[in-house]
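Reader: I'd like a close look at one part of this fold rather than a tour of everything. Could you pick a strand and work outwards from there?

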Amino acid sequence: MQKRALIVGLGIAGMSAAIGLRRAGWTPVIVERAPGRRTGGYFINLMPDGMEAAAGLGLDRLRTRSPEAGSTWSLNRRGHRRPAPGWLDLPGHPTAMVRGDVEAALWHRIRPGGDDGVEVRFGTSPLEITERDSAVEVLLNDASTGRRSRETFDLVIGADGLRSTVRRLVFGPHERFMTTWNAMICAFPLPGQAPSFGAQDSLISARAGRAVWVFGLADRPPTALLTYCTKDIDAQFTGDRTERLRTVFGDMDHPAVRHVLDALPSTPDYLFDSVHQVKMERWSSGRVMLAGDAAWCLNLFSGMGTTAALRGGAELGRALEEHPDSLGAALAAWEARLRPFITTHQRMARLKHQWFVPTNRLLGGVRTLAMRLAVNARRAATEERLLQAAAPGRGPAVRAVAE
């Protein structure tokens, strides 16, 4: 008999897990609390590990949007712009896209009725999860009808995000696993580029404890990220979101910043949330496991969330194929492969946090100096390449040909 798995969450981690399960011979069922599939979204990037995982999952319709032109500019307090290294200049050569690009490619693979079709139930979420001797019993609620039903599965996967219902029901309250970073983020697409900048330009306006980023993309308008530090997280969720952000960023009086703030009230698709990481000793308990943000949440500052979610699904399918007769051995192998990668990037996120938004003036000064040194180093490297190209017989590339 074919084994059944319940996946809670139709995000990147959930759909990736569904593809992995299908390839291992399982029958996945996805339940999603929202009434429909999300589209659009904010800027994300994939590192080489993520691109490799995407290829392994068969995402042949994955759209990339790395700018073919454009520059990255840092805006100072006086409104002057300087060339700056952008997010896509970081080591590893990340590839730019928006969240909806990855979700659309995954949906193409698992959509009901397709070649790799998976049953998807919208407006549905778990209320109870009970592990039996050889199966997991789940009480599911269909919000559209109010109907509740009990079903049994061989495996339950919580891929339902930072505040995972599956994690709460099986592993314990959120406070046990969510580390607080005293920071907020608001990410959303812009209707168009900021005035006086090129269509694919990226912009950074950072001060101690606050930063505005605009990510230029190919084939579509840019997306924005507002991020700031705060010690009172609960207070950030009270009152009007737009007015709160206007208060935080109101004195950053640059036309580009005003353009971002003015676009916020009319955007239909945005993420406004506090910043956390999830840290757990184990990502599975018996026949229940967690994946993606529910398990580890590298957070937006890491730039590795999508890569990790895709890799999690690809590795799950591989582990189940290698251990078809022992779910426990498969989940142990899956976690052993992923754990070092996740631990490394959770630690790296602390450094990247300072790149996004320096938490004090001293670190802000260090960040500014580092950016200038990076720009100067890149300029020197470009000049050296041009000199080598203009002088026959000079430089290692020419010598290699001569040899």
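Author: Let's take β14, which is covered on both faces: R210, V212 and V214 are buried on one side, and A211, W213 and F215 are buried on the other. Put as a count, 6 of the 6 residues in β14 are buried, so the strand is mostly covered by the under-20% cut-off for relative accessible area. Keep in mind that this is a predicted model.

Now for the strands beside β14. On one hand there is β13, joined to β14 by 5 bridges, with the two strands running antiparallel. If you want a register to check in your viewer, S205 stands opposite V212 of β14. The link between β13 and β14 is a hairpin with 2 residues between the strands, and G209 in that turn has a positive phi of about 85°. On the other hand there is β15, which pairs with β14 in the antiparallel sense over 6 bridges. There, R210 has Y228 of β15 as its bridge partner.

What sits in the loop between β14 (210-215) and β15 (223-229)? One residue to look at in that loop is D219. Its phi is near 70°, a positive value in a residue other than glycine. Most residues other than glycine have a negative phi. D219 is exposed, with a relative accessible area of 57%.

A second residue makes a nice contrast. N299 also has a positive phi without being glycine, this time near 80°, but N299 counts as buried, at 9% relative accessibility. You'll find N299 in the loop between β18 (288-290) and α7 (305-322).

Back to the strands, and out to the whole sheet. β14 belongs to an open sheet of 7 strands with mixed pairing, in the order β5-β4-β13-β14-β15-β12-β16. The edges are β5 (81-83) and β16 (271-278); each has a single partner strand, so one side of each is left without a neighbour in the sheet. On average, neighbouring strands in this sheet are turned by 25° against each other, direction ignored. At the β16 edge, the pairing is with β12 (residues 178-189), antiparallel over 7 bridges. One of the pairs to look for there is M178, whose bridge partner in β16 is V278.

Which elements cover the buried residues of helix α6? The list includes β14 itself, along with β4 (72-75), β12, β13 (202-207), β15 and α5 (241-249). The buried residues of α6 (residues 255-263) are A256, V257, H259, V260, L261 and A263. So β14 turns up again here, among the elements that cover α6.

There's a separate sheet too. It is open, has 3 strands in the order β8-β9-β10, and is paired antiparallel. β8 (124-131) and β10 (147-153) are at its edges with a single partner strand each, so one side of each has no neighbour in the sheet. The twist from one strand to the next averages 25°. Strand β9 (residues 136-142) pairs with β10 in the antiparallel sense over 7 bridges, and V138 stands opposite E151 of β10.

Last stop, the helix packing around α1. Two packed helices are described by the angle between their axes and the distance between the axes. For α1 (residues 12-23) and α7, the axes come within 8 Å and cross at roughly 20°. That makes α1 roughly parallel to α7, and α1 passes α7 in a right-handed crossing. The α1 side of the contact is I12, A13, S16, A17, G20, L21 and R23, which meet T306, A309, L310, G313, L316, G317, L320 and E321 of α7. Sorted by class, the contact has 8 nonpolar, 5 polar and 2 charged residues.

How does α1 pack against α3, and at what angle? The angle between α1 and α3 (residues 99-110) is about 30°, with the axes 10 Å apart. These two are therefore roughly parallel as well, but here α1 passes in a left-handed crossing. I12, M15, S16, A18, I19 and R23 of α1 make the contact with R99, V102, E103, L106, W107, R109 and I110 of α3. By class, that gives 8 nonpolar, 1 polar and 4 charged residues.

Notes
Residues numbered from 1 in each chain as written. Predicted model: local features only at pLDDT ≥ 70, side-chain atom pairs only at ≥ 80, totals over all residues. Heavy atoms only, no water. Helix = DSSP H or I, 4+ residues; strand = E, 2+ residues; numbered from the N terminus. Buried < 20%, exposed > 50% of the residue type's maximum accessible area, 1.4 Å probe, protein only. Axes fitted to C-alpha atoms, helices over the stretch in contact; angles between N-to-C directions. Parallel < 35°, antiparallel > 145°, perpendicular 65-115°, else oblique. Left-handed = near helix turned anticlockwise from the far one by under 90°. Contact = heavy atoms within 4.5 Å. Nonpolar A, V, L, I, M, F, W, Y, C, P; charged D, E, K, R; others polar. Pairing = 2+ DSSP bridges.
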